[in-house]
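New to this one? Let's go through it by asking how its labels are earned.

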Amino acid sequence: MAGFDDPGVYYSDPYYSEDRTETDDVSRVSAEKRFKEFIKTFIDQDNCFCYRDQLKRHYNLRQFWLEVDLEDLSSFDAQLADKLFRQPSEYISLFEDACRAAADELTQPRPEGEEQVEDIQVMLKSDANPIQIRQLRSDHMARLVKVPGIVINASAIRAKATKITIQCRSCRNYMPNIPVKPGLEGYALPRKCNTQQAGRPKCPVDPFFIVPDKCKCVDFQVLKLQESPDSVPNGELPRHMQLYCDRYLCEKVVPGNRVTVIGIYSIKKAGVNPLKGEKVNSAGIRRPYLRIVGIQIDSGGLGRASGSALTPEEEEELRQLSTRPDICDIVAKSIAPSIYGSIDIKKAMACLLFGGSRKRLPDGLFRRGDINMLLLGDPGTAKSQLLKFVEKVSPIGVYTSGKGSSAAGLTASVMRDPASRNYIMEGGAMVLADGGVVCIDEFDKMREDDRVAIHEAMEQQTISIAKAGITTTLNSRCSVLAAANSVFGRWDDTKGEANIDFMPTILSRFDMIFIVKDEHDVTKDMRLAKHVMKVHLNAAQSDDTVEGELPLSVLKKYIAYCRSHCGPRLSAEAAEKLKNRYVMMRGGARQHERDTSKKATIPITVRQLEAIVRIAESLAKMSLSPFALEAHIDEALRLFQVSTLDAATSGSLTGAEGFTSDSDQEVIRRIERQLKNRFPIGCQVSEQRIIQDFVKQNYPERSILTVINIMLRRGELQHRLQRKVLFRVR
């Protein structure tokens with residue numbers, strides 16, 4: 001019975017923990033070895049050691065990062081790529097260690113003072129299909145995900161510790177080089193000091209504090225990503241995701257960029273509500289965020305959307321398309337083909353989409369190359385449909401309506417960040433559309449104060465902000481396409497300039513102003529009705545494009561290609577011709593003035609001359625021509641004639657800058673002076689009686705109505721008693 005009372009030693013080894021640790025260590029070492037082998041030996045299609053050369057080149061330029069394509073890693077070792085996808089936090093740090101070891105071997109011998117090899121950051125890119133923000137689930141936690149969206153906010157760059165040194169307040173003992181996990185998770189300090197010293201009392205609880213001078217830090221930045229508008233389901237708001245990027249990924253994107261990010265779907269603790277100071281009741285709930293390991297920017301260079309890169313075959317097709325002599329007509333026909341007629345308006349919209357050339361003058365000032373356009377006219381003339389089409393086909397397009405837009409929403413707003421309590425700035429529609437087109441519908445319904453806010457954006461193409469201690473200037477290099485109705489709903493030719501409720505300052509900033517009238521004509525109405533019926537009948541078979549039209553995808557690519565590859569200038573002959581035409585117009589106006597002893601109603605001003613130059617450059621850009629030739633000048637003059645000049649001669653722009661004769665202005669001033677003398681402040685008089693009194697003095701009724709409108713707009717007069725009586729306010 002020996003050993004009967006020996007209880008024995010029993011133990012449990014769940015999942016064979018010791019063996020597991022050893023195998024984990026082996027797999028980590030072998031994975032690091034394979035990563036190093038991949039960097040040094042991977043050969044691309046051109047028979048180059050691409051990653052080895054890239055690492056050496058970047059290291060010599062003191063750019064300590066390496067961009068790796070996941071498809072290349074998968075072709076080298078599929079199992080390793082799968083591990084990197086499933087456990088990215090662990091394997092990316094191994095990859096960076098392997099890069100550091102490879103850099104150590106590749107850069108030997110290093111210069112004096114740089115013997116210590118630097119840490120290398122690994123950035124990833126992939127051609128895999130992206131996942132939308134609203135499709136992210138708990139299954140994706142701690143894995144690599146690829147998410148597209150728009151960056152709407154970027155924080156300032158701050159420092160994040162990667163290794164910290166802590167010191168005990170009581171015994172002054174240091175604990176050096178404690179690693180801190182990357183990301184927005186913090187580090188919990190130890191509660192007790194374990195140092196045992198003879199003759200000293202025990203250290204109290206929570207004795208440690210961080211020694212900032214002995215910490216190793218890296219830069220980090222927090223971004224806010226919003227879903228792309230085209231991926232948001234109907235009737236839902238776009239969702240947001242917080243992004244964490246560090247080291248060389250900082251300052252890579254700005255708000256307004258469309259990006260596709262690759263990152264680790266991570267979680268952080270739910271913080272304290274800063275407004276109420278109370279903790280959110282969530283024991284096991286964490287907030288998700290993305291720790292970025294790679295960014296692909298879809299809009300590069302001046303906010304231009306390059307989209308997907310063109311293949312050489314596609315580029316050749318676009319170049320062949322540009323050599324066709326009737327390319328301007330083809331592009332004009334391709335704009336909103338479902339809308340009948342309006343060929344001149346479509347040509348003008350094509351010019352707006354392609355844009356002129358932005359010029360930098362020797363004194364450092366810029367002249368805008370973007371064309372602004374205004375459509376004025378009757379309801380039911382497809383103005384809003386044209387605006388929607390332009391927003392869709394433009395490389396970057398923002399559509400907004402006048403009544404629902406405020407000055408801050410169009411330009412920029414300053415708001416308080418709920419997390420940091422600092423003031424931050426968020427760009428509005430004209431900042432987000434930098435390099436594209438802003439379409440403003442119902443332009444006449446905007447409040448006057450909000451309309452004034454876009455004056456600077458339309459001419460100087462900048463937005464200056466001085467609010468809440470933030471003083472800065474943002475770029476808004478975009479075209480403005482606006483649509484408005486008449487004051488009376490429908491256009492009334494008898495009322496002349498009373499149809500328009502715009503200030504002269506805003507009208508002078510539009511290069512082309514079209515008046516769209518719904519005129520009654522039996523043959524035209526018949527053709528239009530046939531076209532509308534045809535569109536409705538063939539709505540299902542909308543894939544077939546009509547002969548001579550470009551498909552929407554080709555048109556988008558062609559516009560983006562021309563904008564990025566061509567910046568035409570006026571040729572000497574075209575400049576000479578335009579100068580002569582300009583002098584002839586001015587000379588003809590002078591001769592007319594001498595003959596009639598009356599000032600011309602429409603002198604051509606320098607601002608309109610610049611508008612013609614921009615239109616000619618955009619026509620040259622359509623055919624990828626380096627110079628705007630005489631033919632382009634003729635077409636630009638014709639377009640300007642059928643738009644702004646025709647609108648001006650119809651009397652509809654009288655009162656705008658450069659559109660009112662001196663004699664008319666003198667009459668208006670005289671009527672205003674007499675009106676103010678006869679009716680003191682606080683007096684109210686019948687409007688009809690005022691008109692009759694002045695008509696008896698041989699003043700034109702139109703001028704009297706103009707003066708009353710001007711004084712009403714200034715706030716000097718007010719309508720009372722169902723708009724029959726005028727009250728003098730000031």
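What follows is a short run of questions and answers about a predicted model.

Q: Why is helix H4 called oblique to helix H5?
A: The axes of H4 (residues 78-86) and H5 (residues 88-106) cross at roughly 125°. Angles over 145 degrees count as roughly antiparallel and 65 to 115 as roughly perpendicular. The crossing of H4 and H5 fits neither range, so oblique is the word for it.

Q: Which residues make the contact between H4 and H5?
A: On the H4 side they are Lys83, Leu84, Phe85 and Arg86, and on the H5 side Pro88, Tyr91 and Ile92. By type, that contact holds 5 nonpolar residues, 2 charged and no polar ones. The two axes come within 6 Å.

Q: How do you know that the length of H5 agrees with what its residues should span?
A: Take 1.5 Å times one less than the number of residues. For the 19 residues of H5 that gives 27 Å, and the end C-alpha atoms are 26 Å apart, so the two agree.

Q: Which residues of H5 are buried?
A: Among them are Pro88, Tyr91 and Ile92, which also take part in the contact with H4. Further along H5, the buried ones include Phe95, Cys99, Ala102 and Leu106.

Q: Why does Glu687 count as buried?
A: Buried means under 20% relative accessible area. Glu687 has 16%, so the label applies. Glu687 belongs to helix H21 (residues 687-696), and its contacts include Leu705, Ile708, His719 and Arg723, leaving aside residues up to four places away in sequence.

Q: What makes E14 and E21 the edge strands of their sheet?
A: Each of them pairs on one side only. The sheet is open, with 5 strands in the order E14-E17-E20-E13-E21 and parallel pairing. Its neighbouring strands are turned by 15° against each other on average, direction ignored.

Q: How do you know that E14 and E17 pair?
A: Pairing takes at least two bridges, and E14 and E17 have 5, in the parallel sense. Within this pair, Val398 stands opposite Val438. Helix H9 (residues 383-393) lies across both strands, as well as E13 and E20, and runs at about 160° to E17.

Q: Which way do strands E8 and E9 run relative to E10?
A: E8 runs parallel to E10, joined by 2 bridges, with Tyr244 opposite Arg291. E9 runs antiparallel to E10, joined by 11 bridges, and there Val261 faces Ile295.

How values were computed:
Residues numbered from 1 in each chain as written. Predicted model: local features only at pLDDT ≥ 70, side-chain atom pairs only at ≥ 80, totals over all residues. Heavy atoms only, no water. Helix = DSSP H or I, 4+ residues; strand = E, 2+ residues; numbered from the N terminus. Axes fitted to C-alpha atoms, helices over the stretch in contact; angles between N-to-C directions. Parallel < 35°, antiparallel > 145°, perpendicular 65-115°, else oblique. Contact = heavy atoms within 4.5 Å. Nonpolar A, V, L, I, M, F, W, Y, C, P; charged D, E, K, R; others polar. Buried < 20%, exposed > 50% of the residue type's maximum accessible area, 1.4 Å probe, protein only.
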